[in-house]
Amino acid sequence: MGRPGLNRRQLITGLGGAAVAGSFGFAALGSGADALASNAATRVRYWNLFSGGDGYNMIAMLDSFRKANPGIEVKDSTLQWGSPYYTKLAMAASGSRAPDLSVMHLGRVAGFAPGRLLDPWDMDLLAEYGIREQDFDSKLWKRAVIDGKLYALPLDIHAQLSFYRKDVLKKAGLLGDDGLIVPITSTEEWFDALKAAKKATRSGLQTVGIHANDQNFAWWFFVAFYTQLGGTYFNPAMTDVVFDEDKATEVLEFLRRHITDGYATAGAADAEQFMNGSPFTWEGNWSVPVYSGAKIEYGASPLPPVFGMQATHAESHSFVLPHQSDRGGSSDEGAHRLAAYIVKNALAWAAGGHIPAYQPTLQSAAYRKLTPQNEYVSAMTHQATEPKAWFAGSTGTLATRVGPVVAASTLGSTKPAAAARQMKRVLEQLLAMKNPMDGHTAAQGGAA
């Protein structure tokens, strides 16, 4: 999941996940532990952070692997999303108690002391199980490589999307002949669209949900629009801050305008309002099963390219090998086989909303028939990502330090220009800090 906690939406997603898994031939057998092979010669311990619909789909995929590989016993454990997960994983990897395989957001890999807390993938083993570099987006694969070695195997990308109600947008004249939202290529076109949509919206509902109070979403949306302006954070050597305060201010003013012009309401229940008729909401693609399960007529596109260049925030669930002093043997081979199997057989995972990293699945006719997935599949080619540094990644230090600043600007407690200056100061502080996992600054820690 892209957000913490097991909330109402995730419970709804779980229901959608059941339908997704079943529709693609995966029959979940309960907790996953119920399906452990009793006479397996190899055991693979696997940690993940998937709950709700994602958890259900992962269990179904694991059970499919067990059926296809009866000689491998998979002992899977689902841990609490966010910082608690990464703290426990770091302690296990440093204390000789690491699982054979685990899930990690790709943005967190650089900070996990590759070579110390993470082991590199055996490329020969991956090739034996059908994993080749050319079957992945080149930029996505490059993010997983540190010091010339592959430390993460991407399963997907999960992108921030603009969900829209087709019934409302049709009344507002914002649907094209193809039934999709009309192209929007500037901030004024976007606010004109919001103005028209507001007139077609039932009284009492906001026009667009932007999770104004949420520091994670605030940061993700900033990353998307700042990237659209061509903004960067550090020089390639990670020795200097090149953050553009003017571009940052422009983005912050854009986000703030949603509140001041009355299109978004701080504290609103965005998902519920959308299901009740609000025309727009910005959410991660993990919400697809929620809205599909609600039986509403909707579409989902990448965040609008209001600053000219297409770019929408994206992270990636990936598989990593937590460090083991004696890594190797049948369990290690089993971990490689399991990860390769899930990556190559991720159609059910993709049906749950995520964009598959494995290109043969991404380009398959079965995937391209999925809606609204086929509307936002282009996000793979224009990912807006955080800088490759130890403090970046989902729920990382960068997000927790800068996210509240963006949210404060959006809500009006800080002026955009002042918030941009504060963001630059935080970036300067982080660049000078040492990674507590290895004692290196970003410039010293193999960020490139």
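# Notebook: packing and ring pairs

I began with burial and found that 60% of the 448 residues in the protein chain are buried. I note here that the model is predicted.

**Overall form.** I counted 18 helices and 15 strands in the secondary structure of the protein chain. The radius of gyration came out at 22 Å, close to the 22 Å from the globule rule for 448 residues, so I put the chain down as being as compact as a globular protein of that length. Along the principal axes, the C-alpha atoms fill a box of roughly 65 × 50 × 35 Å. I then looked at contacts with a separation of 6 or more: 79% of them join residues 24 or more positions apart.

**Cores.** Nonpolar side chains tend to be buried together in soluble globular proteins. I looked up the largest nonpolar core and found 84 residues in it. Y46, L153 and F319 touch the most other members. Helix α12, residues 329–344, gives the most to this core, namely seven residues. I also recorded a second, separate core of 64 residues, which includes L169, L252, I259 and F280.

I listed the contacts of F319, leaving out residues up to four places away in sequence. Among them are Y46 and L153, along with W121 and Y151. The list also holds A339, I342 and V343, and I found these three again among the buried residues of α12.

**Helix α12.** I checked the length of this helix. Its 16 residues at 1.5 Å each should span 22 Å, and the end C-alpha atoms are 23 Å apart, which agrees. Buried positions in α12 include D332, H336, L338 and Y341.

**Aromatic pairs.** A search of the whole structure gave me 34 aromatic pairs. One of these is W219 with F222, a stacked pair with 5.9 Å from centre to centre and 15° between the planes. Both residues lie in helix α8 (215–228), three residues apart, or about one turn of the helix. I looked up their burial against the cut-off of under 20% relative accessible area. W219 has 1% relative accessibility and so counts as buried; F222, at 0%, counts as buried too.

I next took F225 and F307. Their ring centres are 6.2 Å apart and their planes stand at 75°, so I entered the pair as edge-to-face. F225 lies in helix α8, while F307 lies in the loop between β11 (298–302) and β12 (312–315), so the pair ties together parts 82 residues apart in sequence. F225 and F307 are both buried.

I followed the ring pairs outward and found a cluster that includes F225 and F307. Its other members include W190, F191, W220, Y263, F280 and W286. F280 is also in the second core.

**Charges over rings.** I noted two arginines here. R257 lies over the face of F191, 3.9 Å from the ring centre; F191 belongs to the ring cluster. R108 lies over the face of Y86, at 4.3 Å from the ring centre.

**T441.** My last entry concerns the segment after α18 (416–432), where T441 is found. Its relative accessible area is 14%, so I count T441 as buried. Leaving out residues up to four places away in sequence, T441 touches W390, L431, A432, M433 and K434.

Notes:
Residues numbered from 1 in each chain as written. Predicted model: local features only at pLDDT ≥ 70, side-chain atom pairs only at ≥ 80, totals over all residues. Heavy atoms only, no water. Core = buried A, V, L, I, M, F, W, Y, C linked by side-chain atoms within 4.5 Å. Buried < 20%, exposed > 50% of the residue type's maximum accessible area, 1.4 Å probe, protein only. Helix = DSSP H or I, 4+ residues; strand = E, 2+ residues; numbered from the N terminus. Contact = heavy atoms within 4.5 Å. Expected span 1.5 Å × (residues − 1). Phe/Tyr/Trp six-rings, centres within 6.5 Å; stacked < 30°, edge-to-face > 60°. Lys NZ or Arg CZ within 6 Å of the ring centre and 35° of its normal. Rg over C-alpha atoms; globule rule 2.2 N^0.38 Å.
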